[in-house]
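The following exercises concern one protein structure. Please examine the sequence and the model, attempt each task, and then read the worked solution.

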Amino acid sequence: MGVFTVLTRCILQPLSVVDDELVPKVGMTFTTLEDAGKFYRNYAKAAGFSTRVRCTNRKGNEIKNQLITCSREGKWKSKISPTEKTNPTASLNCPARIYIHTLKDVGAWIISKVVLDHSHPCCPSKAEMLKQHRELSMSIRRTIENNDEAGIRPSKTYQSFVAAAGGHRELNFIEKDVRNYITREVRNVSEQEDAKEFGKYFLRMKEKNPNFFFELELEEDQSIKLAFWADARSRAAFEYFGDVISFDTTYNTNRYNLVCGSFVGVNHHGQSTLLGCSLMKNEEIESFKWLFQCWLRCMGGNAPKGFLTDQCASMKRALEACMPTTVHRWCIWHIMKKIPSKLNGYKGHADIEQQMSHVVWNSHSKDSFDRNWNDFLVNFGLADNKWLSDLYEDRHIWVPIYLDHHFWAGMRSTQRSESMHSFFNKYITRNSSLIQFVKQYDNCLGSREQAKRESDAADFHTVIPCATKSSIEAQFQDAYTHAKFREVQAQFRGKANCITRLKNSALGYSVYEVGEQVSSSIFDKFAVTYDSVAAEVKCQCLLFESRGILCRHTLSVLSFEQVSQVSPRYILERWSKKVKRRHTHIKSSHDEPLMEPRSKRFDQLVFRSQNICEFASESEELTAILHRAYDNVMAEMEALKGKRKGTSSLSHEDANLESVNELQSPPRIRTRGRPKNRLGSKLEKQIANSTKKKKTKVLSEVNVMFFKFCYIQINLFDAASVAHSSCSQYQGQVINYQFRVPAAGDNSLGV
């Protein structure tokens, strides 16, 4: 009676003209329920509407009947007043439906009731915009997945589909479908599964190459507190480029607020090379100690000669404890960047900033720096400034003249590490999962490896011509990579601005004064010594000692002395293009995720078909042959599929990784507004807060004046199992690859 009342009250609309073969009729039978549903959906698309399953009746686990209606069936009334909520609704009590039930004896499905009339107009030309009729094919889905991993924005991905199809109308999906697929399918890793997938990634990498290294520190609830990993190529590269390391933790790139820290070195092309990556829940001293000890174990216990970080007290104390022989250097860029915010309260702060920069960069001896610094403080009345006093006390870890007698491979700041983080920032957001992060870490390793391969090929196949007739320049041209030879050439060009004067000479040991014209009226003077017996030359600017490149002042003296060949000690193997380095024969780690078997088969078929299509596209005749072959193959496959209809098969390909199922993700951190990936150091935050307070004070004063005027104010293994590397030693135990029962309170894992 209720249904009859609804039908009589509806204003029935005439049905669109549809091919009679597509119209559902009472008595039609189907092999499966899925076939019946697909038939009605095809009819709905032709008629201009969409469908939904209204109800399904079961007996036990078996479906007995099903009601499929128009998607505008029913009437939903919001409890919110229309004046407050104006979102569109689709329900209009539409009566269109089919009723399907099973035939017990036959094992088939039959339509027992059909209503074709609608309570609303139907438009076949607009049906393609309805959600049910929009579809992403497997080819489209795989392209979306690959583009997302490569960092291509969804809008660009969609536009590429439009261009390939020949227009928007030729696609049976919209840009929103692309975005939804990325959000719901590609990036939708649940917080419960994220940590498990993170652990499985490490095990897959370890299985592919036993030299892959990782360790995890877990909380009591088995959530990740600290993580470190390095692939086999990075560990091998440390042998050649691990003398100077830049480490930075100023970026936050995941949904759990874990801080990313990267160990970065410099290769023979002057390019950044990753030597390990970490995720940290906090930046306390003990966390840094764990991380640095872990990194040292990974690199065979060999500490670098120099370690560059930002101005962090916790890092400083951890380095002193873990690497006492390593020279620690603060990033000078971060320190100089703080001058305006620290000194803008003083009169003439612009002159103060300029003079401080001059003292830091143009003091060529420790004594001259101390003298110039004291004069700077006195001249500007800054002797009582605590920030400047603290900087002076720590001058030995940030002022160039105190550090440049050590080799730094040209690094004075942590910007190399930050550039790595900016790479992640292109592809990763604060809502990204752990497994997304490690995939992009793989991509970063791959891009660094490719840049190195391209530079190696350029060094092998091409030669940069010498800019002068100097035989010394030819020495470096023959030995150095292109990037480093260009740095040498810059010094040869700068030699033209140098005037060399002999001050004294005795027994083959000469002292020169080299004046370099840095502007129209300013000359900088440098003392250069030359020992003709030992073939040794040394400049006061310390460019060779800090960067491994002979300076223009040294080259000017060698030219004055008519030296035709420099000693081999000045041609560093580190910058050589002729050295065969072991790590170049090792591929960077790249995970091969455990895709569905169908996706794997699809990718393999597409890869093989590309060559066939390329060959066939050469002429119309070849294209026709391929079309006929496709038609024959398609008919054969459809016939085979028809014979197998009603049967099912299950293929499950997965590694035996039950041991990671107890691992938990850290609690997810939710933020307000648009989050910032760059964290900044503790001091930078203090600067920002102090600046904010000053601005607030000024604003409040303005407000007071205004009011006066207006008169108004997120176990890698189960709780009983932990895996360690055969070469790793942790908490006094030598562990092999087998699982072990951890000691009480032992929540770490390493391989």
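A salt bridge is counted when a side-chain nitrogen of Lys or Arg lies within 4 Å of a carboxyl oxygen of Asp or Glu. The model is predicted, so local features need pLDDT of at least 70 and side-chain atom pairs count only at pLDDT 80 or more, while totals for chains, interfaces and linings use all residues. Residues are numbered from 1 along each chain as its sequence is written, and side-chain values use heavy atoms, with hydrogens and water left out.

**Exercise 1. Salt bridges**

Task: Determine which residue forms a salt bridge with Arg552, and where the two partners lie.

Solution. Step 1: the partner of Arg552 is Glu516, with the closest N and O atoms 3.1 Å apart. Step 2: the pair links distant parts of the chain, since Arg552 belongs to helix α21 and Glu516 to strand β14 (residues 509-517), 36 residues apart. Helices (H or I, at least four residues) and strands (E, at least two) are DSSP runs, numbered from the N terminus. Step 3: Glu516 is buried, with a relative accessible area of 10%. Here buried means under 20% relative accessible area, exposed means over 50%, and partly exposed is in between (1.4 Å probe, protein chains only).

Task: State how many salt bridges are counted, and describe the one between Arg52 and Glu73.

Solution. Step 1: the count comes to 25 salt bridges. Step 2: in the pair of Arg52 and Glu73, the closest N and O atoms are 2.8 Å apart. Step 3: Arg52 lies in strand β2 (residues 51-59) and Glu73 in the loop between β3 (62-70) and β4 (97-103), so the bridge ties together parts that are 21 residues apart in sequence. Step 4: Arg52 is partly exposed at 35% relative accessibility, whereas Glu73 is buried at 11%.

Task: Classify each partner of the salt bridge between Asp404 and Arg412 as buried, partly exposed or exposed.

Solution. Step 1: the side chains of Asp404 and Arg412 meet at 2.9 Å, N to O. Step 2: Asp404 has a relative accessible area of 5% and is therefore buried. Step 3: Arg412 has a relative accessible area of 32% and is therefore partly exposed.

**Exercise 2. Aromatic pairs**

Task: Give the number of aromatic pairs, and classify the geometry of Phe198 and Phe202.

Solution. Step 1: rings of Phe, Tyr and Trp (its six-membered ring) pair if their centres lie within 6.5 Å; planes under 30 degrees apart count as stacked, over 60 as edge-to-face and the rest as tilted. Step 2: the structure holds 41 aromatic pairs. Step 3: the ring centres of Phe198 and Phe202 are 4.7 Å apart and the planes meet at 65°, so this pair is edge-to-face. Step 4: Phe198 and Phe202 stand 4 residues apart in helix α6 (residues 191-208), and are therefore separated by about one helical turn. Step 5: both Phe198 and Phe202 are buried.

Task: Describe the aromatic pair of Phe292 and Phe307 and its place in the chain.

Solution. Step 1: Phe292 and Phe307 are edge-to-face, at 5.5 Å centre to centre with 75° between the planes. Step 2: this pair links distant parts of the chain, with Phe292 in helix α8 (residues 285-298) and Phe307 in strand β11 (residues 306-309), 15 residues apart. Step 3: both Phe292 and Phe307 are buried. Step 4: ring pairs also link these residues into a cluster whose members include Phe238 and Trp295.

**Exercise 3. A covered helix**

Task: Find how many residues of helix α7 are buried.

Solution. Step 1: helix α7 spans residues 232-241, and 8 of its 10 residues are buried, so the helix is mostly covered. Step 2: among the buried residues of α7 are Arg233, Arg235, Phe238 and Phe241.

**Exercise 4. Backbone angles in loops**

Task: Compare the settings of Ala535 and Gln562.

Solution. Step 1: Ala535 has a positive phi of about 55° although it is not a glycine. Step 2: Ala535 is found in the loop between β15 (523-531) and β16 (536-539), and is partly exposed at 33% relative accessibility. Step 3: Gln562, also not a glycine, has a positive phi near 60°. Step 4: Gln562 is found in the loop between α21 (552-560) and α22, and is exposed, with a relative accessible area of 72%.
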